[in-house]
Amino acid sequence: MRILIVDDEEAIRKLVRKYAEFAGYEVAEAKDGMEAVILCRKETYDCVIMDIMMPELDGFSACREIRKTSTVPILLLSARGEEYDKINGFEFGADDYIVKPFSPRELMLRVEAVLRRVKTSAGDRAQEKSMDVYTYNGLSVDFTARIVTIDGEELPLSPKEYDLLFYFVRNRNIALSREKLISDVWGYDFYGSDRTLDTHVKLLRKSIGRFAECVVTLRGVGYRFDAP
């Protein structure tokens, strides 16, 4: 497994490298977002750990550029933990968001969790081939091609928005508890909070426009996707 560590602070890169190599990962480094984008175009990595505040190209912009050519899991590091920053990160395609100062051990656990989710998601996509395409009133969810369209226009969803929408569609008209969603979409070993689920639901509703009303909030329980 290969990890790319992106941070303009050498001390941070050395710290993360130490724990990553101890965990058995092969490690590469980049000192800014521009270098990270170039490396991701040339090389293949299993995970990218990237700071947000960097010279040349910040982490948000680098994440957006990497997403144009790769679905590699990206974990963003930031000294700021406001919801606005987290939403920005998820909108640009990040898989997780970690606030500094962080525990290197927790960071490695999150990397392991993300990699397990990617593996599980790949298995789910294989099963989804038999489901083909789900359509409803202009909404089309192509499980095999991993494409979502509304009235024929493809939606630029983030990886986690795809996972969440696909899970909702597969379990439509079923009350889904917050715990069930987090365990099945993120994994039992997810180290985030319920706010991460709420943030992604908010982003998904924004992305699917008029179908946002299909994602119903069940107070004290979770969510339900209402559709035939």
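A residue counts as buried when its relative accessible area is under 20%, as exposed when the value is over 50%, and as partly exposed in between. That yardstick will come up often in this briefing, starting with helix α3, whose buried residues are Gly59, Phe60, Ser61, Ala62, Cys63, Glu65, Ile66 and Arg67. Please keep in mind that the model is predicted. The protein has 228 residues, and 52% of them are buried. Its fold contains eight helices and twelve strands.

**Overall shape and surface**

- The radius of gyration is 18 Å, which agrees with the value near 17 Å that a compact globule of 228 residues would have.
- Along the principal axes, the C-alpha atoms fill a box of roughly 55 × 35 × 30 Å.
- About 11,300 Å² of the protein is exposed, and carbon and sulfur atoms supply 50% of that area.
- Among contacts with a sequence separation of 6 or more, 57% join residues that are 24 or more positions apart.

**Helix α3, a mostly covered element**

- Helix α3 spans residues 59–67, and eight of its nine residues are buried.
- The buried residues of α3 pack against two strands, β3 and β4 (74–78), and against the helices α2 (33–42), α4 (83–91) and α6.
- One of these buried residues is Arg67, which returns below as a residue of the pocket lining.

**The largest pocket**

- The largest pocket holds about 600 Å³ of space.
- It is lined by 24 residues, and the closest to its centre are Arg67, Thr71, Leu157, Ser158 and Pro159.
- Three elements each give two or more residues to this lining: α3, α5 (104–128) and α6 (159–170).
- Sorted by class, the lining has eleven charged, eight nonpolar and five polar residues.

**Two residues of strand β2**

- Val27 sits in strand β2, which covers residues 26–30, and Ala30 belongs to strand β2 as well.
- Val27 has a relative accessible area of 13%, so it falls under the 20% limit and is buried.
- For Ala30 the relative accessible area is 1%, and this residue is buried too.
- Setting aside neighbours within four places in sequence, Val27 touches Ile3, Ile5, Arg17, Ala20 and Glu21.
- With the neighbours within four places left out again, Ala30 is in contact with Leu4, Ile5, Val6, Asp7, Arg13, Glu35, Ala36 and Leu39.
- Ile5 therefore appears among the contacts of Val27 and among those of Ala30, as contact means heavy atoms within 4.5 Å.

**Distances along the chain and in space**

- Val27 and Met108 are separated by 81 residues in sequence, and their C-alpha atoms are 13 Å apart.
- Ala30 and Val201 are 171 residues apart in sequence, with 32 Å between their C-alpha atoms.
- Ile38 and Glu65 lie 27 residues apart in sequence and 9.7 Å apart in space, C-alpha to C-alpha.
- Ile38 is placed in helix α2, while Glu65 is one of the buried residues of α3.
- Ile38 itself counts as partly exposed, because its relative accessibility of 39% falls between the 20% and 50% limits.

**Backbone details worth a look**

- The peptide bond from Lys100 to Pro101 is cis, with omega near -5°.
- Pro101 lies in the loop that runs between β5 (96–99) and α5.
- Glu56 is not a glycine, yet its phi is positive, near 70°.
- You can find Glu56 in the loop between β3 (47–51) and α3, where it is exposed at a relative accessible area of 63%.
- Asp151 also has a positive phi without being a glycine, at about 55°.
- The loop between β8 (147–150) and β9 (153–154) holds Asp151, and this residue counts as exposed with 55% relative accessibility.

Conventions: Residues are numbered from 1 along each chain as its sequence is written. This is a predicted model: local features need pLDDT of at least 70, side-chain atom pairs count only at pLDDT 80 or more; totals for chains, interfaces and linings use all residues. Side-chain values use heavy atoms; hydrogens and water are left out. On a 1 Å grid over the protein atoms alone, a cavity is a set of points where a 1.4 Å probe fits but cannot get out, and a pocket is an open set with protein on both sides within 12 Å along at least five of seven lines; lining residues have an atom within 4 Å of a point. Grid points are joined across faces, edges and corners, and a volume is the space filled by probe spheres set on the points. Helices (H or I, at least four residues) and strands (E, at least two) are DSSP runs, numbered from the N terminus. Ala, Val, Leu, Ile, Met, Phe, Trp, Tyr, Cys and Pro count as nonpolar, Asp, Glu, Lys and Arg as charged, and the others, Gly among them, as polar. The radius of gyration is taken over C-alpha atoms; the globule rule is 2.2 Å times the number of residues to the power 0.38. Buried means under 20% relative accessible area, exposed over 50%, partly exposed in between (1.4 Å probe, protein chains only). Accessible areas come from the Shrake-Rupley method with a 1.4 Å probe; for residues, only the protein chains shown count as cover.
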